[in-house]
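Biologist: Hello! I am new to this protein and would like a close look at one part of it, followed by its setting in the rest of the chain. Could you start from a single residue and work outwards?

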Amino acid sequence: MSRAAVPGLPSRYPIGEQLPALYADDDFAQRFTAGLDTVLAPVFATLDNLPAYLDPRVTPTDFLAWLASWVGVADDPQWPVELRREAVVRAVELHRWRGTRRGLVEALHLALGVHAEVTGDGGATWSSTAGAELPPDPGAEVLVRVWPAREARVDVVRVDVVRVREIVRAMCPVHMAFRVEALPAPPADEGR
């Protein structure tokens, strides 16, 4: 992640033009400041374009991993660049939904391009009454079913379930047991 001098890049702010009139005709001062302009031109260009460097949709590819580290995204260099950019753009939103059905479904769709259905809640409950009874024992497990979307990045018929499990494990609360099923097509609506 380094920026080098760009040959022939002109400075938008030539130092020689900003010197007092006394140095305007001084050949040495103009040549000396022209050398500084060559060194400083890439710095000014970077600072002028700083908003673009911090926008994951347009940042240079080598900065993308750096931006991903800022928002807590594991940047996989084997993913297509557009998918990596989308993961960084949506990272904060996905962190907000972490540990929820919605977050899990969206993370699976973003990372693998699959649709998912999550059933079971791990027995989570709450009460607005102090001293209320304890919740029932949680269900045995959460069931996560995945099936291909048109833009699937993984062949779900012969899916590498390990990748799906890694995402589910990362997005689910630690105490929650889960099971993953890979379906060739969306599940049929059973009486809905």
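Modeller: Happy to. Let us start at Leu 54, which lies in the loop that runs between helix H3 (50-53) and helix H4 (61-70). Please keep in mind that this is a predicted model. Is Leu 54 buried, exposed or partly exposed? With a relative accessible area of 38%, Leu 54 is partly exposed, because the partly exposed class takes in values between the 20% and 50% limits. Leu 54 also belongs to a nonpolar surface patch of about 480 Å², which it makes with Val 43, Leu 47, Leu 50 and Trp 70.

From that loop, step into H4. Its buried residues are Phe 63, Leu 64, Leu 67 and Ala 68. Looking down the axis of H4, you would find these buried residues within an arc of 150°, so they line one face of the helix. What covers them? The cover over the buried residues of H4 includes H3 and H5. Just after H4 comes Gly 72, whose phi is positive, at about 75°.

H4 also leads us to the interior. The largest nonpolar core of the model has 30 residues, and Leu 104, Leu 108, Val 144 and Val 168 have the most contacts inside it. Two or more residues of this core come from each of H4, H5, H6, helix H7 (101-112), strand S1 (114-119), strand S2 (142-148), helix H8 (161-171) and strand S3 (178-182). H7 gives the largest share, six residues. As a general rule, nonpolar side chains in soluble globular proteins tend to be buried together.

Val 168 is a good place to see how the core is joined up. Setting aside neighbours within four places in sequence, Val 168 is in contact with Leu 104, Leu 108, Val 144, Phe 178 and Val 180. In H8, Val 168 is buried together with Val 164, Ile 167 and Met 171. Down the axis of H8, the buried residues fall within an arc of 100°, so they too line one face of their helix. That buried set of H8 packs against H6, H7, S2 and S3.

Not everything that is buried here is nonpolar, and Arg 90 shows it: this residue is buried, with a relative accessible area of 16%. You will find Arg 90 in the loop between helix H5 (81-89) and helix H6 (91-96). Its contacts, apart from neighbours within four places in sequence, are with Glu 106 and Leu 110. With Glu 106, Arg 90 forms a salt bridge whose closest N and O atoms are 2.2 Å apart. Arg 90 is in the loop between H5 and H6 while Glu 106 is in helix H7, so the pair ties together parts that are 16 residues apart in sequence. Glu 106 itself is partly exposed, at a relative accessible area of 21%.

For contrast, look at Asp 27 and Arg 31. They also form a salt bridge, with closest N and O atoms 3.0 Å apart. Both residues lie in helix H2 (residues 27-48), four residues apart, which is about one turn of the helix. Asp 27 and Arg 31 are both exposed.

How many salt bridges does the whole structure hold? A search finds 13. Some of them form a network linking Glu 117, Glu 141, Arg 145, Arg 179 and Glu 181. Within that group, the side chains of Arg 179 and Glu 181 meet at 2.8 Å, N to O. Arg 179 counts as partly exposed, at 35% relative accessibility, and Glu 181 is partly exposed at 23%.

Now zoom out to the whole chain. Its secondary structure comes to eight helices and three strands, and from the N terminus the elements run α-α-α-α-α-α-α-β-β-α-β. Of its 192 residues, 29% count as buried. Among contacts with a separation of 6 or more, 59% join residues 24 or more positions apart. The chain exposes about 12,800 Å², of which carbon and sulfur atoms supply 58%.

Terms used: Residues numbered from 1 in each chain as written. Predicted model: local features only at pLDDT ≥ 70, side-chain atom pairs only at ≥ 80, totals over all residues. Heavy atoms only, no water. Patch = residues over 30% accessible without salt bridge, like charges linked within 9 Å, V, L, I, M, F, W, Y side chains within 5 Å. Areas by Shrake-Rupley, 256 points an atom, 1.4 Å probe, with all protein chains shown as cover. Salt bridge = Lys/Arg side-chain N within 4 Å of Asp/Glu carboxyl O. Buried < 20%, exposed > 50% of the residue type's maximum accessible area, 1.4 Å probe, protein only. Contact = heavy atoms within 4.5 Å. Arc of directions from axis to C-beta. Core = buried A, V, L, I, M, F, W, Y, C linked by side-chain atoms within 4.5 Å.
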